[in-house]
Amino acid sequence: MKEMNERNEMEEQKTAVVTGASRGIGLAVCRTLLEQGMKVYGFGREFFTELSDCPAFVPIACDLTQIRKVTDAVRQIRKETRISLLVNNAGTGYFGPHEELNPDKIHEMTTVNLEIPMTLTQLFLRDLKAQRGTIINISSVTALQANTHGCAYGATKAGLTSFSRSLFEEVRKYGVKVAVLHPDMTATDFYRHASFRESEEEDARLLPREVADAVAWILSMREGMNITEMTIRPQRHIINRTTKKKEGESYGTT
C-alpha cells in the first residue's frame with residue numbers, strides 16, 4: 001500500500017522543463033515552481049546553486065547550441081516522465097552596429113533564442129497535449145519595438161513572439177496554453193560584458209523573481225482561460241552606462 005501511494009503521488013506531481021535554469025530569470029522560475037511542488041528539469045551550462053541539492057530538481061548541463069545533445073536529453077526526460085510545463089527562458093545577445101556582428105554571433109542568437117524554443121516545443125508537444133499543459137516563452141520587450149544596434153537580437157525575440165502567437169492558435173483546441181512574456185531590463189548578469197546595464201534604482205529595473213511571479217500568475221489561471229501575452233516594465237526608463245565593451249564580447253546569457 002505504501003509503495004502504491006508513493007507511485008500515485010509521483011504520477012500526480014507535475015513536471016516542468018526550464019531552459020537557462022542556472023541563473024537569472026530561469027533560476028528564479030525554477031525556485032518558484034519547486035515551491036509549488038513541481039518537479040523541474042533545468043537546462044543550463046553549469047550549475048552552482050542551492051537547487052542542485054533539491055531532490056525535485058534535475059540539473060541538465062547542456063550547451064543549447066549543440067542540438068544533438070539537447071535532443072538526447074529530451075529523449076531521456078520523456079522516458080522518465082511526461083511534462084506539463086515548458087518554460088523557454090534561455091537567451092543570448094550580442095549588440096552593436098549590425099555590420100560588426102559576425103556569422104557565429106548571429107547563428108548563436110538565432111539558435112538559442114528561436115530555434116531551441118521551437119525545437120523543444122516540437123519534441124514535447126505530444127506530451128503537453130496529453131497533459132493539457134502550458135508553454136511559456138520568455139521573449140523580450142525588444143520584440144515589440146525597433147532596436148538600433150540590436151536588430152538581430154530583437155528579430156530573434158520578435159520571431160519567438162510570433163511563434164508563440166501562432167502556436168496558441170494551433171494548439172488551443174487541444175487544451176494546451178501558450179503564453180509569451182516580454183520583460184524589460186532585469187537585474188541579472190545578462191549585461192555583464194556590455195557598455196550599459198540596468199539601473200540600480202528600484203523603480204527602473206525588474207527583478208528575476210518578479211518575472212517568475214508573472215509565470216506563477218499565468219499558471220494560476222483557471223482551466224479554460226489563458227493569458228497569451230504579458231509585457232512587464234519598470235515604472236521608469238534608466239540605463240546605466242559602463243565602460244565600453246571589448247570587441248567580440250557578448251552581452252551575456254540569461
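**View 1. G42 and P59 face each other across paired strands.** G42 stands opposite P59 in β3 of this predicted model. Strand β2 (residues 39-44) and β3 pair in the parallel sense over five bridges. Strands pair if DSSP finds at least two bridges between them. Helices (H or I, at least four residues) and strands (E, at least two) are DSSP runs, numbered from the N terminus. Residue numbers start from 1 along each chain as its sequence is written. In this predicted model, local features need pLDDT of at least 70.

**View 2. Seven strands make an open, parallel sheet.** Their order is β3-β2-β1-β4-β5-β6-β8. The edge strands, β3 (57-61) and β8 (229-232), each pair on one side only. From one strand to the next, the twist averages 15 degrees.

**View 3. Helices α3 and α6 pack against the sheet.** Helix α3 (residues 67-80) touches β1 (15-19), β2 and β3. Contact means heavy atoms within 4.5 Å. The direction of α3 makes about 175 degrees with that of β2. Angles run from 0 to 180 degrees between N-to-C directions, and axes are lines fitted to C-alpha atoms, for helices over the stretch in contact. Helix α6 (residues 208-219) lies across β4 (85-88), β5 (134-138), β6 (177-183) and β8. It runs at about 160 degrees to β6.

**View 4. Helices α2 and α6 cross.** The axes of α2 (residues 24-35) and α6 come within 8 Å and cross at roughly 45 degrees. That makes α2 oblique to α6 (under 35 degrees is roughly parallel, over 145 roughly antiparallel, 65 to 115 roughly perpendicular, the rest oblique). Among the contact residues are I25 and L33 of α2 and V211 and L219 of α6.

Conventions:
Predicted model: local features only at pLDDT ≥ 70, side-chain atom pairs only at ≥ 80, totals over all residues. Heavy atoms only, no water.
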